[in-house]
Amino acid sequence: MTTDVLNFHFSKVTRLALAIPALLMAGQGCSSRSDTQLERADGLQLTPVSVQLNWYPEVEHGGVYEALVNGAYQDRNLAVEIKPGGRETPVAPELLLGRSQFAITNADDVVLFRAQGADIVAVFAAAQNNPRCLLVRADSGVEGFDDLAGITLQCQPGRAFLPFLRKRGFLDEVREVPYFNSIAGMVDDPKMAVQAYVVAEPILARQQGVDVRTLMVSDLGWNPYSSVLVTTGTLIRESPELVRDFVAATKTGWADYLASPQLANEAILKANTHGMTAEVLQFGAEQMRPLAYPTESTELGEMTLPRWQELVDQMKEIEVIGPDAVRAEDCFTDEFLP
């Protein structure tokens, strides 16, 4: 790991540690939702709600877009605004300051937010299995994580899966360089690998004529819930019916999206101005189905305490949170899941 990457990682953590307490103080006494209402065509009132995405609009947010385009939110009397994200999206500050009532993030981010004192709570997990992978070229000689020596890995500093891999020695002889949301580096270099999501980058590589192999980090035991819907503890306590309605509509959206993603993908394509294509979105939706339904008995959106406890314990082990910083039972609630 280079000195520049180390400095970037720790400066990011430091900024988060300094920012969240200030936001907590600034948000005291502030309502986490607007009381302004809009009117439906039939005269019923709609409550405006916004949801902050943690990345540019992609299939990981498909259920939210589906619930918007198929009317599931409006059926619950909600006027929903979807706020696209990007690199370094301030998910926790958006929620703490009440600029958004809900957000999409990953379970390991929830743990990090709570470790910094932010009362962020998961209420629905669309992806039971995490889509995180390392993308390597088929001609790289890399068949598995044990073969990564000599590879250059484009990765985003601060992501918790990286210290997980380092702790297990998989990155000991790997050169890490920043990732800029592009696979261009591996097109001409068989020894270049990139962090990726299995729902997008593999087909992007193939479209550029590169045959690739995916190394799923979940196969090693790092498997945080993904596409997680979160809100604040304050909103849960003050407006439980709003949370219940939003979760129910979002669940409907995800069920419909995973069955037939075309309409939502059209909306995602319009919202994403970063080179996304219809073919990539269709591919991604197909990859999302087994992540959301890994078994026949999986209930869409479900979360369990053992899974959260395992994640918290892993993050303590890799020392991205303190030994007493987070309780697993505080990270989520299943009270809004039927």
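These notebook entries record what I looked up in a predicted model.

**Entry 1: a surface patch**

I began with the nonpolar surface. Leu68, Val69 and Leu263 form a nonpolar patch there, and together they have about 250 Å² of accessible area. I then looked up Leu263 by itself. Leu263 belongs to helix H11, which covers residues 262-271. Its relative accessible area is 55%, and because the cut-off for exposed is over 50%, I entered Leu263 as exposed.

**Entry 2: helices H11 and H12**

From Leu263 I went on to the packing of its helix. Helix H11 packs with helix H12 (residues 278-292) at an angle of about 130°, and their axes are 10 Å apart. Angles that are neither under 35 degrees, nor over 145, nor within 65 to 115 count as oblique, and H11 and H12 are therefore oblique to each other. I also noted the hand of the crossing of H11 and H12, which is right-handed.

**Entry 3: salt bridges**

Next I turned to the charged side chains. The count of salt bridges comes to 15. I looked up several of them individually.

Asp108 forms a salt bridge with Arg159, and the closest N and O atoms of this pair are 4.0 Å apart. Asp108 lies in helix H5 (residues 107-115), whereas Arg159 lies in the loop between strand S7 (152-155) and helix H6 (161-167), so the pair ties together parts that are 51 residues apart in sequence. I checked the burial of the two partners: both Asp108 and Arg159 are buried.

A salt bridge also joins the side chains of Arg137 and Asp139, at 2.9 Å from N to O. Arg137 has a relative accessible area of 12%; because buried means under 20%, I entered Arg137 as buried.

For Glu329 and Arg327, the side chains meet in a salt bridge at 3.4 Å, N to O. Glu329 has 39% relative accessibility and counts as partly exposed.

I then looked for salt bridges with shared partners. Such bridges join Lys83, Glu94 and Arg99 into one network.

**Entry 4: Ala200**

Last, I looked up Ala200. I found Ala200 in the loop between strand S9 (192-197) and helix H8 (201-207). Its relative accessible area is 3%, and Ala200 is buried. I also compared its separation from Met276 in sequence and in space. Ala200 and Met276 are 76 residues apart in sequence, while their C-alpha atoms are 9.2 Å apart in space.

Terms used. Residues numbered from 1 in each chain as written. Predicted model: local features only at pLDDT ≥ 70, side-chain atom pairs only at ≥ 80, totals over all residues. Heavy atoms only, no water. Patch = residues over 30% accessible without salt bridge, like charges linked within 9 Å, V, L, I, M, F, W, Y side chains within 5 Å. Areas by Shrake-Rupley, 256 points an atom, 1.4 Å probe, with all protein chains shown as cover. Helix = DSSP H or I, 4+ residues; strand = E, 2+ residues; numbered from the N terminus. Buried < 20%, exposed > 50% of the residue type's maximum accessible area, 1.4 Å probe, protein only. Axes fitted to C-alpha atoms, helices over the stretch in contact; angles between N-to-C directions. Left-handed = near helix turned anticlockwise from the far one by under 90°.
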